[in-house]
Amino acid sequence: MTTIELIKVSSPTTTVWLPLFACLVPAGFPSPASDELEELFDLNHLLFRHPEATYLVRVAGESMQGAEIHAGDLLAVDKHLEADHNHIVVAVVEGECTVKRLVRRGSSWWLQAENPAYPDYEITESESLRIWGVVTHVVHELLPGKLTALLRSRD
């Protein structure tokens, strides 16, 4: 199972307004950039829709790489949302924490890995399963080292 490290998050007390530009940035061929500022945007509103029920976890392992969740990534997890089919969730199965996709197949529920090297896990009534929340966002570092150093500094 993929292991995760829980990171306590308190309610955001500081608003960080960042410029949000009206233009879309193509991931294909370049086009002239627009400098038209649409609004200022606070990432707290995006990442922490329910701040009192949201926490961050740091991922270890590669069982979710097909969902672009990789070792070292941070996940924003909302405990307020009800887990449903196709949601990526943080779950505790038989005392072990994992991040997987929750899927329904017929009348059965499964925790599905997003890497063919890892098996899916059928949820049966007799076992202990708790859903700790629904993953709402992934923070994936593109310049290696900064996120890891920041997280190490809080220990």
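I'll go through strand β6 and its partners, then the salt bridges, then two unusual backbone angles.

One point before we start: this is a predicted model.

Let's begin with strand β6. The strand covers residues 88-93. How many of its six residues are buried? Six of the six. So β6 is mostly covered, given that buried means under 20% relative accessible area.

Now look at the two faces. In a regular strand, side chains alternate between the two faces of the sheet. In β6, Ile88, Val90 and Val92 point one way. Val89, Ala91 and Val93 point the other way. Both sets are buried.

Which strands pair with β6? One is β7, joined to β6 by six bridges. The other one to look at is β10, residues 129-139, joined to β6 by five bridges. β6 and β7 run antiparallel. β6 and β10 also run antiparallel.

Two positions help you get the register. Val93 of β6 stands opposite Glu96 in β7. On the β10 side, Val90 stands opposite Gly133.

Next, the connection. β6 and β7 form a hairpin, with two residues between them. Glu94 sits in that turn. Keep Glu94 in mind; I'll come back to its backbone.

Staying on β7, have a look at Thr98. Thr98 belongs to this strand. Is Thr98 buried or exposed? Buried, at 1% relative accessibility. The Thr98 side chain has a polar contact with the side chain of Lys100, at 2.9 Å.

On to the charged pairs. Side chains of opposite charge can pair when their charged atoms come close. How many salt bridges does a search of the whole structure find? Two.

Take Glu114 and Arg101. Their side chains meet in a salt bridge, 2.6 Å from N to O. Where do they sit? Arg101 is in strand β7, residues 96-105. Glu114 is in the loop between β8 (108-112) and β9 (121-123). They are 13 residues apart in sequence, so the pair ties together separate parts of the chain. Both Glu114 and Arg101 are buried.

Now Asp120 and Arg105. Here the closest N and O atoms are 2.7 Å apart. Asp120 is in the loop between β8 and β9, and Arg105 is in strand β7. That pair links distant parts of the chain, 15 residues apart. What about exposure? Asp120 is partly exposed, with a relative accessible area of 30%. Arg105 is partly exposed too, at 35%.

So put the two side by side. Glu114 and Arg101 are buried. Asp120 is partly exposed, and so is Arg105. Each salt bridge has its arginine in β7. Each has its acidic partner in the loop between β8 and β9.

Last topic: the backbone. Most residues other than glycine have a negative phi. Two glutamates are worth checking on that score.

Start with Glu68. Its phi is positive, about 60 degrees, and Glu68 is not a glycine. Where is Glu68? In the loop between β4 (54-60) and β5 (74-78). At 54% relative accessibility, Glu68 counts as exposed.

Then back to Glu94, in the loop between β6 and β7. Its phi is near 50 degrees, again a positive value in a residue other than glycine. Glu94 also counts as exposed, at 54% relative accessibility.

To close, go back to the hairpin on screen. On one side of the turn is β6, with six of its six residues buried. In the turn itself is Glu94, which is exposed. Across from Val93 is Glu96 of β7.

Notes
Residues numbered from 1 in each chain as written. Predicted model: local features only at pLDDT ≥ 70, side-chain atom pairs only at ≥ 80, totals over all residues. Heavy atoms only, no water. Salt bridge = Lys/Arg side-chain N within 4 Å of Asp/Glu carboxyl O. Helix = DSSP H or I, 4+ residues; strand = E, 2+ residues; numbered from the N terminus. Buried < 20%, exposed > 50% of the residue type's maximum accessible area, 1.4 Å probe, protein only. Pairing = 2+ DSSP bridges. Polar contact = N/O pair within 3.5 Å; in protein donor to acceptor, adjacent residues only side chain to side chain.
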